[in-house]
Amino acid sequence: MKLNEREEMALYAFGCTSRELTVRRLRLVAACSTKQDVKSMLFHLSWKLADEEAEKWYPCFQRNLTMEMEERMHLEAEN
């Protein structure tokens with residue numbers, strides 16, 4: 001799945017290895033958001049992940065994303 005940087009950051013912040021819990025969490029955060037663009041992005045991301053086909057690839061995708069984001073933050077902290 002292709003995600004933009006904002007979606008990656010949201011998934012890193014609110015995601016876990018459970019796709020179902022991540023979808024619920026994204027929808028809850030979207031419902032609480034007061035900014036329409038953030039609300040829309042979070043709901044759209046939750047719809048992408050709600051697809052039953054995502055069940056197969058999501059856990060591996062989430063682990064890879066977490067490792068990539070932690071590496072990015074580590075590199076930024078060094079500079």
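**Exercise 1.** In this predicted model, work out how to class Phe 43 by its relative accessible area.

*Solution.* Start with the value: Phe 43 has a relative accessible area of 25%. The buried class needs under 20% and the exposed class over 50%. So Phe 43 ends up as partly exposed.

**Exercise 2.** Phe 43 and Trp 47 sit in helix α3 (residues 36–50). How far apart are they along the helix, and is Trp 47 buried or exposed?

*Solution.* Count along the chain: the two are four residues apart, and that puts about one helical turn between them. Now take Trp 47: its relative accessibility is 55%, and the exposed class begins over 50%, so Trp 47 counts as exposed.

**Exercise 3.** Search the whole structure for aromatic pairs: how many turn up, and what geometry does the pair of Phe 43 and Trp 47 have?

*Solution.* The search gives two aromatic pairs. For Phe 43 and Trp 47, the ring centres are 6.1 Å apart and the planes meet at 20°. Planes under 30 degrees apart count as stacked, so that's what this pair is.

**Exercise 4.** Now do Trp 57 and Phe 61: describe their ring geometry, then their place in the helix and the accessibility of Trp 57 and Phe 61.

*Solution.* Geometry comes before the rest: the centres are 5.5 Å apart with 85° between the planes, making the pair edge-to-face. Next, both residues belong to helix α4, four residues apart, or about one turn. Last, accessibility: Trp 57, at 30%, is partly exposed, while Phe 61, at 19%, is buried.

Methods:
Residues numbered from 1 in each chain as written. Predicted model: local features only at pLDDT ≥ 70, side-chain atom pairs only at ≥ 80, totals over all residues. Heavy atoms only, no water. Phe/Tyr/Trp six-rings, centres within 6.5 Å; stacked < 30°, edge-to-face > 60°. Buried < 20%, exposed > 50% of the residue type's maximum accessible area, 1.4 Å probe, protein only.
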